[in-house]
Structures are given as C-alpha cells and as structure tokens.
Amino acid sequence: MDLEQLAELRTPEGSAALAAAADVAGGDPLAAAAALRSAGVPAALAAAALTQAELRRRAVGKFGAAATGMFFTRAGLEQATRGVVARRRADRLRAAGVTTLADLGCGLGADALAAARAGIRVYGVEADPLTAAMAAANAEATGLAERFTVECGDATGFDVNRVDGVFCDPARRRSGRRIFDPNAYSPPWDFVVGLAERVPRTVVKVAPGLDHALIPPGAEAEWVSVDGDLVEAALWCGDLATVPRRATVLKEGPPFNASGREGSPSHHATVHELTGSGTVEAPVGPVRRYVYDPDPAVVRAHLVAELAGELGATLADPAIAYLYADTPAPTPFARGLEITDVLPFSLKRLRALLRERQVGRVEILKRGSALEPEKLRRDLKLTGNQPASLILTRVAGAPTVLIARPLPPG
C-alpha cells in the first residue's frame, strides 16, 4: 500500500472494489483475486482492495462496526489500541477536563477517534505520510473529521501550547522489530517524559514491560489487561496522576447493538481497578487449600501484596506471584483453583498419580519453573478421560507441582 493506492481506493471505482472484496474476503485468496479480476477490477486495485478487506475483517475486534469503512496497514492494526481501552482512556481524559488534545504519534487514529467521540478536539501528528493519510481518512469515514485532524510531521515540533492535554504513543518498533530501549523510541524518551512539565495533563502509552525505575516521579503507572491478556501500560502525569500504581482489568461482554440486543460488533466492558503503592511486599506462608493466579496487570503493577490483603492470602515463595488462601473468594483480579495435591516435582511420581486418577487432559500453568509445558505434556503420556490443572512452581525455593481444579466462576 502507498499513497497513490490509498487515493485510488477512495475513488468511486475503489469503493466498488472494496465492496466486492468484502464479499469474497476470508476464503481462498487466489479465488478471491480471480473473482475480482473477472468482475473487471484491475489486478493492482484488486490486490489493494483484498488486503484492506482482510484487515478490516480483523479490525472489527478492536474497532467494532466502524472498521468496515476504515483503512489499515498490517503494522498499524497490530499496534492500534483496543477499542475498550481507548474508550476508557478518552472518558478519563474528558472527566479530567481535557477539551483539546494533541495525539503525538497518532498512528491510524485509534485513541484519537475515541477521544473525538468523547467530545474532545484532537490534533493528531504522525511522521509516516501513508499512516497520517489513513488516519485522516479514518476520521472522515467515522464522521469525526471536524473533531480530529491530522498533520504529517515530527511530533517534537508540535506546539503543545495549543492544547490542554497530550497523549503520546512513541514508536517502539523499527523495521518491524520491537525496540526495548526507551532511549531509542521515536520521539525520544527524554522528550516524552518532558511533556508533563509543559502540559500538566499528559498521558504516555508505554510497553507493558517498562522498567519501574523509568517511571517519572509523581506519575501514576497503570497496567491494563483485557480478558486476561496484558495489552498495554500508560503513565498518567501531572494533574492526571491520582495513585502511584493502578492495575485495570477489563472484561469484555458480548457484542450489543443500540437497542441492547446481541449481534452488533460494538463491544462494552466491565472495569475493575486495583490500586496501591507498588512497593509493599506480600507476606509468605505455607501452601494452603486454594491458589490464586493473579491477572498479569496486577503482577506488572507490583500490586500482588494489595491483592493478597483482599484475599487473606500469602505467597509460598517470595519471588513467585501465586497466592494461597484457606477459603475461596471471588475476585476479578485473579483466577482461583482448589489444590488437591502438592508434590515435589518428580516426573515418574506425577505420571503415576495422574494415571491412577485416569487424567487424560491437563492444562499446565507455571511460574518460576524452567520446564516446557508441551514437553511435559508429551512426557506424561496421558491416556485417561479426566481433566486436571497442573501448576509448576517453587515452594520455599524447591521445584513443586500442584494438582488442582479450577473454581467455578463467581
């Protein structure tokens, strides 16, 4: 895809090609291409339309029904913020009084579109010309062009005095490869963290693996998961910071349409938040009847101790984030299992016990174990018809396997 192809897709002929591609996308790509060519669509236009149709189909999970009229690149779609996350961030910015927002490194516009829908005037800046053009096209396609405009340029050159809020998502990839050193981000890290000194309401999207030592003093660091997948972290700076650390767990519900009936690709989510200092150590104790596997947002936010306090739980090893309790307690911040057996790890002994229990299906969880779950699954040579959960971990420094069964929801 290049700027010329994007322009062609936005002509009446291109729109017709996109509509035809949508009808055949998702099956055999060769057959789909042949179908478009037989309908008189030129080969280059057919290829571009089919690529967009496939990307739009994938994008529905992030953007909802709006994706069917938007434009994407593969890399841009992969890096775009999920809709439920972008909407929640936009609502929080709006509630904090942000009315004009600079989106520095706006990509395809996921966060900017959410902010515009929340009533915020957004000025997007994007260095890549094709991505900037697609973001502008997406603003038009979603009916938000009056609230979201895009300029192609260097984010460091934008006059932030024009706005009362800033969102910055620095590029963390180069030539398709992830960049792990924040100093190599674009814009550079010193510019990014310096934004909060210039605009009191600043949010910076960062990689979930961000070193806590890089969190600016006074900033709120938030980790966000969606249905158990850790998707991003963000630094809320200046006036937006309310707590040192926050774990936000989003649970997406079924799709609903405007009347509340299932069927539309537009999603909603329930929001659960755990906050704390991120510096408290959880108490250590013995393995007990129930084990809790904390959500990755809780672990990355260093809020395991706060969760332990809610559950009345302890760690069995100070370096392993499994929590153990005597009684079950429903929580959105962890998955609970009931322990039936605790064994020092021995393949021979474990295999014999599982055969005795006629276990033939296992899920394998692990923290603090070097064992490869799939290799262990093969080595167990299971033949029964009963399920079980195996937890590979350490207890007081010793390799241990827990045999467990999941607690029912709620």
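Trainee: Which strands does helix 12 lie across?

Mentor: A good place to start, keeping in mind that this is a predicted model. Helix 12, residues 347-356, lies across strand 15 (334-344), strand 16, strand 17 (386-395) and strand 18 (398-406). Its direction is about 110 degrees from that of strand 15.

Trainee: Which strands does helix 13 lie across?

Mentor: Helix 13 (residues 373-380) lies across strand 16 and strand 17. Relative to strand 16, helix 13 runs at about 155 degrees.

Trainee: What is the order of the strands in that open sheet?

Mentor: To read a sheet, follow the strands from neighbour to neighbour. Here 7 strands form an open sheet in the order 13-14-12-15-18-17-16, and the pairing is mixed. Strand 13 (314-315) and strand 16 (359-366) are the edge strands, each pairing on one side only.

Trainee: How many bridges join strand 13 to strand 14?

Mentor: There are 2 bridges between strand 13 and strand 14 (residues 323-325), and the two strands run antiparallel. If you would like a pair to look for, find Thr 314, which stands opposite Tyr 324 in strand 14.

Trainee: And which strands pair with strand 18?

Mentor: Strand 15 is joined to strand 18 by 7 bridges, running antiparallel. Ile 339 stands opposite Ala 404 of strand 18. Strand 17 also pairs with strand 18 in the antiparallel sense, over 7 bridges, and there Leu 390 has Ile 403 as its bridge partner. Strand 17 and strand 18 form a hairpin with 2 residues between them. In that turn, Ala 396 has a positive phi of about 50 degrees.

Trainee: Where else does a hairpin appear?

Mentor: Strand 8 and strand 9 form a hairpin, with 2 residues between them. Asp 227, in the turn, has a positive phi of about 50 degrees. The pairing of strand 8 with strand 9 (residues 229-238) is antiparallel, over 7 bridges. Trp 223 has Ala 233 of strand 9 as its bridge partner.

Trainee: How does strand 10 run with strand 8, parallel or antiparallel?

Mentor: Strand 10 (residues 245-252) runs parallel to strand 8, with 6 bridges joining them. Look for Ser 225, whose bridge partner in strand 10 is Val 249.

Trainee: Why is strand 8 described as largely enclosed?

Mentor: For that, look at how many of its residues are buried. In strand 8 (residues 220-226), 7 of the 7 residues are buried, so the strand is largely enclosed by the rest of the structure. Glu 220, Glu 222, Val 224 and Val 226 point one way, while Ala 221, Trp 223 and Ser 225 point the other way, and all are buried.

Trainee: What does the side chain of Glu 220 make a polar contact with?

Mentor: Its partner is the side chain of Thr 242, at 3.0 Å. Glu 220 has a relative accessible area of 0%, so it counts as buried. Leaving out residues up to four places away in sequence, Glu 220 touches several others, including Arg 92, Trp 236, Leu 240 and Arg 246.

Trainee: Which residues of helix 11 are buried?

Mentor: They are Val 304, Ala 305, Glu 306, Leu 307, Ala 308 and Leu 311. With 6 of its 8 residues buried, helix 11 (residues 304-311) is largely enclosed by the rest of the structure. These buried residues pack against strand 11 (269-276), strand 12 (290-294), helix 10 (296-300), strand 13, strand 14 and strand 15. Just after helix 11 comes Gly 312, with a positive phi of about 65 degrees.

Trainee: How are two packed helices described?

Mentor: The description uses the angle between their axes and the distance between the axes. Take helix 2 (residues 12-24) and helix 4 (residues 43-63): they pack at about 55 degrees, with axes 8 Å apart. That angle makes helix 2 oblique to helix 4. The crossing is right-handed. Among the residues making the contact are Ala 17 and Leu 18 of helix 2 and Ala 49 and Leu 50 of helix 4.

Trainee: At what angle do helix 6 and helix 7 cross?

Mentor: Helix 6 (residues 83-95) and helix 7 (residues 110-117) cross at roughly 50 degrees, and their axes come within 8 Å. Helix 6 is therefore oblique to helix 7. Their crossing is right-handed. The contact is made by Ala 86, Arg 87, Arg 89 and Ala 90 of helix 6 together with Ala 110, Asp 111, Ala 114 and Ala 115 of helix 7.

Technical notes:
Residues numbered from 1 in each chain as written. Predicted model: local features only at pLDDT ≥ 70, side-chain atom pairs only at ≥ 80, totals over all residues. Heavy atoms only, no water. Buried < 20%, exposed > 50% of the residue type's maximum accessible area, 1.4 Å probe, protein only. Helix = DSSP H or I, 4+ residues; strand = E, 2+ residues; numbered from the N terminus. Pairing = 2+ DSSP bridges. Polar contact = N/O pair within 3.5 Å; in protein donor to acceptor, adjacent residues only side chain to side chain. Contact = heavy atoms within 4.5 Å. Axes fitted to C-alpha atoms, helices over the stretch in contact; angles between N-to-C directions. Parallel < 35°, antiparallel > 145°, perpendicular 65-115°, else oblique. Left-handed = near helix turned anticlockwise from the far one by under 90°.
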